[in-house]
Amino acid sequence: MINNFPADFTWGVATSSYQIEGATNKDGRGVSIWDTFAATPGKVVNGETGDMACDHYHLFKEDIALMRKLGVQSYRFSIAWPRLFPQGDKVREQRGFDFYNRLIDELIANGIEPMATLYHWDLPQTLQDRGGWANREIVNEFVDYAASAVEAFGDRVPNWITLNEPWCVSWLGYMLGVHAPGVQNLDHAIAASHHTALAHGLAARAMRKINPNIKIGIAPNMTNYRVDDPSNPELMELSGLMDSHINRWWVDAFTHGEYPKNLADFYGEKLQKYVLPGDMDSIKVQTDFLGINYYSDSFIGTPRPEDKPMSEGGLFPFPQRSNGTPPEPYTDMGWPITPNGLRDLLVRVSKDWPSISEIAITENGAAYPEGPDENGDVQDTRRVAYIEAHIEAVGQAIADGAPVKRYYAWSFMDNYEWAEGYAKRFGIVHVDFDTMKRTPKESAKVFSSIIHSHSSFWETVSQS
Ligand code: FCB
């Protein structure tokens with residue numbers, strides 16, 4: 001199954017700072033928008049917060065030891081902006097830098113290659129108080145932060161991701177309001193869509209200037225839109241808009257310096273007022289790899305009575321027309337399991353954006369609730385099936401010519417699943433949130449054996 005993965009293919013696990021670190025008051029860390037959002041009644045299931053999370057801030061050495069034991073080759077983590085710059089200004093908190101230095105050095109000492117994400121959603125609250133991603137000033141703030149991080153860690157971190165899922169940042173955070181900062185404002189969401197794209201463009205330039213040896217990517221969430229009835233022109237138009245909305249916006253931006261025309265026209269003035277002369281030139285930028293976060297395909301069905309037609313502005317917010325016929329079964333998130341979609345998506349990306357020379361699957365995984373049984377084993381057979389099927393799909397895409405070089409399982413361990421709190425478990429390692437005990441699940445063992453058989457396959461090849 002894994003024989004067609006290239007010899008230099010990298011197998012990793014992923015997490016993000018707010019979801020695992022805890023220690024939110026420790027060592028001068030400033031308040032992030034997720035601290036504020038989580039503390040707001042009604043925003044997160046059971047009112048749960050990331051205050052403790054997996055206490056990775058204190059347990060990172062044990063976590064890294066476990067990664068090593070599993071044979072993990074690379075670890076994708078994120079840097080909490082408010083640990084380095086608690087007020088989102090230029091005042092550094094050295095203890096924050098020290099933490100990531102310790103983390104990075106420990107990874108390297110264990111033979112694990114670090115991959116750092118700069119923005120995985122924990123914006124300093126002070127910046128949100130000035131509008132956050134809806135305020136153009138954030139672009140420069142982000143560039144300064146990105147440059148400082150590369151200056152401090154770029155000698156040891158070869159791969160960098162500017163933004164994780166800018167669609168979620170902009171639309172879940174500023175339009176639907178289901179993620180921090182919980183704003184519901186179309187203008188702000190469109191502004192954020194532009195400012196995140198601009199932030200990637202300008203930060204990538206600044207980062208490369210500081211350290212020309214690093215590789216820079218961005219990690220959008222991507223999907224395929226499957227239309228129930230392709231003979232229905234309204235559904236096809238909606239599917240085209242959704243594709244632009246989720247898949248093409250940031251990727252077209254950095255590859256072509258353009259936003260997809262159908263959606264830019266659709267936004268019209270609402271977008272144009274944010275796009276200043278020269279912006280699109282700044283947005284087009286050399287990007288060394290595309291990170292893809294893939295969980296499932298999306299389904300566009302016939303409108304429900306409550307869905308407004310497009311002529312009445314029904315696309316705002318984009319209707320959740322997943323009432324088509326998504327195939328069962330679903331994961332614990334209610335997401336359909338569509339491994340072939342990952343193959344199709346990767347092949348599509350390689351055809352539609354041939355300038356992208358390297359793809360990393362920066363997140364892929366499934367939520368299931370299983371915990372330790374009476375023997376202490378975690379038999380997460382459905383997650384095993386999910387991961388195996390998706391890795392196989394990656395292998396097929398590579399055979400079809402997609403330049404995929406990395407696969408990161410989401411997630412290394414159970415963690416704080418944003419508005420879902422701790423109830424949704426994505427880890428290949430189980431976490432007991434009372435005792436903080438880590439227990440590798442069956443999926444961790446299977447993933448580990450995939451990594452090992454890949455390495456030994458290539459050892460055999462190179463010796464013969
Ligand atoms: C993605 C996020 C990640 C995690 C997974 C399940 O949208 O990037 O932090 O929550 O979903």
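The exercises below concern helix packing, the ligand site and backbone geometry in a predicted model.

**Exercise 1. Determine how helix 9 and helix 10 are oriented to each other, and which residues make their contact.**

Step 1. Locate the elements: helix 9 covers residues 186–210 and helix 10 covers residues 233–256.

Step 2. Take the geometry of the pair. The two helices pack at an angle of about 40°, and their axes are 10 Å apart.

Step 3. Classify the angle. Angles under 35 degrees count as roughly parallel, and 65 to 115 as roughly perpendicular. Helix 9 and helix 10 are therefore oblique to each other.

Step 4. Assign the hand: helix 9 and helix 10 cross in a right-handed sense.

Step 5. List the contact. On the side of helix 9 are S193, H194, T196, A197 and H200, and they meet W249, W250, A253 and F254 of helix 10. By class, these residues are five nonpolar, four polar and no charged.

**Exercise 2. Describe the packing of helix 7 against helix 9.**

Step 1. Helix 7 spans residues 137–153. Its axis and that of helix 9 come within 8 Å and cross at roughly 30°.

Step 2. The crossing of helix 7 with helix 9 is right-handed.

Step 3. From helix 7, the contact takes in I138, V139, F142, V143, A146, A147, V150 and E151. Their partners in helix 9 are H195, L198, A199, L202, A203, A206, M207 and I210.

Step 4. Sorted by class, the contact of helix 7 with helix 9 holds 14 nonpolar residues, one polar and one charged.

**Exercise 3. State whether helix 14 and helix 15 are roughly parallel or oblique, and give the make-up of their contact.**

Step 1. Helix 14 is formed by residues 339–352 and helix 15 by residues 381–399. Their axes come within 8 Å, with a crossing angle of roughly 30°.

Step 2. The cut-off for roughly parallel is an angle under 35 degrees. Helix 14 and helix 15 are therefore roughly parallel to each other.

Step 3. The crossing of this pair is right-handed. Helix 14 contributes P339, L342, R343, L346 and V347, while helix 15 contributes A389, H390, A393, V394, Q396 and A397.

Step 4. The contact of helix 14 with helix 15 comprises eight nonpolar, two polar and one charged residues.

**Exercise 4. Identify the residues around the ligand, then find polar side-chain atoms that lie 2.7 Å from a ligand oxygen.**

Step 1. The surrounding residues are Q19, H120, W121, N164, E165, N293, Y295, E363, W410, E417, W418 and F426.

Step 2. Check the distances. Q19 has a polar side-chain atom 2.7 Å from a ligand oxygen, and E417 likewise places a polar side-chain atom 2.7 Å from an oxygen atom of the ligand.

Step 3. For E165, an N or O atom of the side chain is 2.5 Å from a ligand oxygen.

**Exercise 5. Place two cis peptide bonds and a residue with positive phi in the fold.**

Step 1. The bond from A180 to P181 is cis, with omega near 5°. P181 belongs to the loop between helix 8 (166–174) and helix 9.

Step 2. The bond from W410 to S411 is also cis, with omega near 10°. S411 sits in the loop between strand 10 (404–410) and strand 11 (429–431). W410 is among the residues that surround the ligand.

Step 3. A23, a residue other than glycine, has a positive phi near 50°. A23 lies in the loop that runs between helix 1 (17–20) and helix 2 (33–38).

Terms used. Residues are numbered from 1 along each chain as its sequence is written. This is a predicted model: local features need pLDDT of at least 70, side-chain atom pairs count only at pLDDT 80 or more; totals for chains, interfaces and linings use all residues. Side-chain values use heavy atoms; hydrogens and water are left out. Axes are lines fitted to C-alpha atoms, for helices over the stretch in contact, and angles run from 0 to 180 degrees between N-to-C directions. Helices (H or I, at least four residues) and strands (E, at least two) are DSSP runs, numbered from the N terminus. Angles under 35 degrees count as roughly parallel, over 145 as roughly antiparallel, 65 to 115 as roughly perpendicular and the rest as oblique. A crossing is left-handed if the near helix is turned anticlockwise from the far one by less than a right angle, and right-handed if clockwise. Contact means heavy atoms within 4.5 Å. Ala, Val, Leu, Ile, Met, Phe, Trp, Tyr, Cys and Pro count as nonpolar, Asp, Glu, Lys and Arg as charged, and the others, Gly among them, as polar. A residue is near a molecule or strand if one of its heavy atoms lies within 4 Å of it. A polar contact is a pair of N or O atoms within 3.5 Å; within protein, one must be able to donate a hydrogen and the other to accept it, and residues adjacent in sequence count only if both atoms are side-chain atoms.
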